Amino acid sequence: MCKPKWESKDQWSKTIVKENSRRRLSKTVVKDNSQRRMSKEIMNENITLNNSEWCMMEELWQEQPKTLMQLVHKMKEKQGWSKSTTSTVLRRMQEKGCVRYEEGEKARNYFTDLNREEVVLKETRAFLDRAFGGSLGLLVNTFVGGSQLTKEELEELREILHKEI
C-alpha cells in the first residue's frame with residue numbers, strides 16, 4: 001500500500017484521530033477538542049446506558065476528573081466491582097463516546113462531556129418510545145390507573161402540570 005503524503009504534521013495527527021475515533025477512543029490522546037466534539041456528536045445518536053454505565057456516569061457527574069484508581073475504589077464500595085471490571089466498563093464507555101481521558105502527571109484523568117440532564121432526557125424519551133409508543137399520557141395513565149402513585153406524587157404531578165400550563 002502507498003502511504004499518503006501529508007502536507008503538515010497537524011494534518012497527519014488529525015487524520016490519525018479520525019481513524020482512531022472510529023475504532024477505540026481509549027487509544028487516542030487528543031490535545032485539542034476533537035474528541036470532546038465527537039462525544040457530543042455520538043450522544044446525539046441513540047446511545048443507551050446500561051445500569052453499570054449509569055453508575056459510572058453518576059460518579060463522574062458528581063466530580064470530575066477522576067483517576068482509574070479513584071473510580072475503582074468508588075465502584076468497589078458501591079457495586080463490589082474489581083479493578084478489571086471497572087476498567088472494562090470504562091473502556092466500553094470510551095468506545096461509545098461517553099467518557100474520555102487526558103494524560104495526567106501520574107495517571108489518566110477521566111471525564112465526561114455529556115450533560116446529565118440531556119442524557120436523562122434522551123434515555124427517558126427512548127424508554128417512552130419503546131414501552132409506551134411515545135405516549136406520555138399512556139405512561140401517566142398506567143401509573144394513575146394502577147394506583148401506583150401516592151397522594152404526594154399525584155399532588156406533585158398536579159403542581160407540575162399547572163406550573164407548565
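This report describes the fold, helix packing and salt bridges of a predicted model.

**Overall architecture**

The protein contains eight helices and three strands. Starting at the N terminus, these elements follow the order α-α-α-β-α-α-β-β-α-α-α. Of the 165 residues in the protein, 30% are buried. When contacts between residues at least 6 apart in sequence are considered, 52% of them join residues at least 24 apart.

**Packing around helix α3**

Two packed helices are described by the angle between their axes and the distance between the axes. Helix α3 takes part in two such pairs described here, one with α4 and one with α5.

The axes of α3 and α4 come within 11 Å and cross at roughly 125 degrees. An angle of roughly 125 degrees lies outside the range of 65 to 115 degrees for roughly perpendicular axes and does not exceed the 145 degrees set for roughly antiparallel ones, so α3 and α4 are oblique to each other. Their crossing is right-handed. On the α3 side, the contact is made by C55, M56, E59, L60 and Q62, and on the α4 side by L71, K74, M75, K78 and Q79. Sorted by class, the contact of α3 with α4 has five nonpolar, two polar and three charged residues.

Helix α5 covers residues 83-96, and its axis is 10 Å from that of α3, with a packing angle of about 90 degrees. The range for roughly perpendicular axes is 65 to 115 degrees, and α3 and α5 are therefore described as roughly perpendicular. In this contact, S52, E53, M56 and M57 of α3 meet T86, V89, L90, M93 and K96 of α5. The residues here divide into five nonpolar, two polar and two charged. M56 appears in the contact of α3 with α4 and also in that of α3 with α5.

**The loop after α3**

P65 is located in the loop between α3 and β1, the strand at 66-67. The peptide bond joining Q64 and P65 is cis, with omega at about 5 degrees.

**Salt bridges**

Side chains of opposite charge can pair when their charged atoms come close. The structure holds 10 salt bridges. Three of them are listed below, with the N to O distance of each pair.

| Pair | N to O distance | Relative accessibility, first residue | Relative accessibility, second residue |
|---|---|---|---|
| E59 and K78 | 2.6 Å | E59, 0% | K78, 39% |
| E102 and R100 | 2.6 Å | E102, 31% | R100, 6% |
| R125 and D129 | 3.8 Å | R125, 46% | D129, 41% |

The salt bridge between E59 and K78 has an N to O distance of 2.6 Å. This pair links distant parts of the chain, with E59 in helix α3 (residues 51-62) and K78 in helix α4 (residues 68-79), 19 residues apart. Both E59 and K78 are also among the residues that make the contact of α3 with α4. E59 counts as buried because its relative accessible area is 0%, under the 20% limit. K78 is partly exposed at 39%. E59 and K78 also belong to a network of salt bridges that includes K66.

E102 and R100 form another of the salt bridges, with the closest N and O atoms 2.6 Å apart. Here E102 is partly exposed, at 31% relative accessibility, whereas R100 is buried, at 6%.

The salt bridge of R125 with D129 has its closest N and O atoms 3.8 Å apart. R125 and D129 are separated by about one helical turn because they are four residues apart in helix α6, which covers residues 116-132. R125 is partly exposed, with a relative accessibility of 46%, and D129 is partly exposed as well, with 41%.

**L154 in helix α8**

Helix α8 spans residues 151-164 and contains L154. With a relative accessible area of 26%, L154 falls between the limits of 20% and 50% and is therefore partly exposed. Leaving aside residues up to four places away in sequence, L154 touches V144 and L149. L154 and F143 are 11 residues apart along the chain, and their C-alpha atoms are separated by 9.9 Å.

Methods
Residues are numbered from 1 along each chain as its sequence is written. This is a predicted model: local features need pLDDT of at least 70, side-chain atom pairs count only at pLDDT 80 or more; totals for chains, interfaces and linings use all residues. Side-chain values use heavy atoms; hydrogens and water are left out. A salt bridge is a side-chain nitrogen of Lys or Arg within 4 Å of a carboxyl oxygen of Asp or Glu. Buried means under 20% relative accessible area, exposed over 50%, partly exposed in between (1.4 Å probe, protein chains only). Axes are lines fitted to C-alpha atoms, for helices over the stretch in contact, and angles run from 0 to 180 degrees between N-to-C directions. Angles under 35 degrees count as roughly parallel, over 145 as roughly antiparallel, 65 to 115 as roughly perpendicular and the rest as oblique. A crossing is left-handed if the near helix is turned anticlockwise from the far one by less than a right angle, and right-handed if clockwise. Contact means heavy atoms within 4.5 Å. Ala, Val, Leu, Ile, Met, Phe, Trp, Tyr, Cys and Pro count as nonpolar, Asp, Glu, Lys and Arg as charged, and the others, Gly among them, as polar.
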